[in-house]
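Open the model in your viewer and keep the selection box ready. The stops below follow one another, so take them in order.

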Amino acid sequence: MKLCFATLLVVTLVLTSSFIQTTVAGSDFCDSKCKIRCSKAGRQDRCLKYCGICCNECQCVPSGTYGNKDECPCYRDKKNSKGKPKCP
């Protein structure tokens with residue numbers, strides 16, 4: 001009985017940790033698009049963070065390193081708490 005419980009516990013922990021890692025890591029699509037979008041940003045860590053948030057919600061990132069936000073209206077229309085554009 002103890003062996004069965006221990007096995008179940010280990011399997012649960014492995015599945016939970018892989019799910020959390022996938023959720024936090026983001027998608028390959030967003031990671032690659034945001035890497036291009038933020039390649040010329042002065043604050044790359046901040047740019048990648050907000051680009052990733054916007055991409056995960058909108059499932060798109062405008063092309064290029066600046067502008068072109070009309071390609072992705074959801075990305076363009078996101079605002080922060082101060083009413084300024086949220087997405088880089």
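**Start at the C-terminal end**

Select proline 88: with a relative accessible area of 28%, proline 88 is partly exposed. Bear in mind throughout that this is a predicted model. Proline 88 sits in the segment after H4. Now show its surroundings. Beyond its neighbours within four places in sequence, proline 88 is in contact with Arg37, Cys47, Tyr50, Cys51, Lys69 and Tyr75. Pick one of these, cysteine 47, and check the C-alpha atoms. They lie 6.2 Å from those of proline 88, though the two residues are 41 apart along the chain.

**Zoom out**

Show the whole protein chain as a cartoon. Which elements turn up? There are four helices and zero strands. Read from the N terminus, the order is α-α-α-α. Next, colour by accessibility. Of the 88 residues in the protein chain, 17% are buried. Switch on the surface. About 6700 Å² is exposed, and carbon and sulfur atoms supply 62% of that area. For a contact map, take residues at least 6 apart in sequence: 42% of their contacts join residues at least 24 apart.

**Helix H3**

Select residues 44-58, which form H3. H3 has 15 residues. From first C-alpha to last it reaches 20 Å, close to the 21 Å expected at 1.5 Å a residue. Which residues of H3 are buried? They are Cys47, Cys51, Gly52, Cys54, Cys55 and Cys58. Add H2 and H4 to the view, since the cover over the buried residues of H3 includes both helices.

**Where H2 meets H3**

Select residues 28-37 for H2. Two packed helices are described by the angle between their axes and the distance between the axes. For H2 and H3, the angle is about 135° and the axes are 9 Å apart. Roughly antiparallel would need an angle over 145 degrees, so H2 and H3 count as oblique to each other. The crossing of H2 past H3 is right-handed. Show side chains on both helices. From H2, the contact uses Phe29, Cys30, Cys34, Lys35 and Arg37. From H3, the partners are Leu48, Cys51, Gly52, Cys55 and Asn56.

**Cysteine 38**

Step to cysteine 38, in the loop between H2 and H3. Is it buried or exposed? Its relative accessibility is 1%, so cysteine 38 counts as buried. Display its contacts, skipping residues up to four places away in sequence. Cysteine 38 touches Gln44, Cys47, Leu48 and Cys51. Then add glycine 64. The C-alpha atoms of cysteine 38 and glycine 64 are separated by 8.9 Å, with their positions 26 residues apart along the chain.

**Two positive phi values**

Finish with the backbone torsions. Most residues other than glycine have a negative phi. Where should you look for exceptions? Select glutamine 59, whose phi is positive, near 60°. Glutamine 59 comes just after H3, in the loop that leads to H4 (73-77). Glutamine 59 counts as exposed because its relative accessibility is 51%, and the cut-off is over 50%.

Now move along that loop to asparagine 68, also placed between H3 and H4. Asparagine 68 has a positive phi of about 60° although it is not a glycine. With a relative accessible area of 40%, asparagine 68 is partly exposed.

Conventions. Residues numbered from 1 in each chain as written. Predicted model: local features only at pLDDT ≥ 70, side-chain atom pairs only at ≥ 80, totals over all residues. Heavy atoms only, no water. Buried < 20%, exposed > 50% of the residue type's maximum accessible area, 1.4 Å probe, protein only. Contact = heavy atoms within 4.5 Å. Areas by Shrake-Rupley, 256 points an atom, 1.4 Å probe, with all protein chains shown as cover. Expected span 1.5 Å × (residues − 1). Axes fitted to C-alpha atoms, helices over the stretch in contact; angles between N-to-C directions. Parallel < 35°, antiparallel > 145°, perpendicular 65-115°, else oblique. Left-handed = near helix turned anticlockwise from the far one by under 90°.
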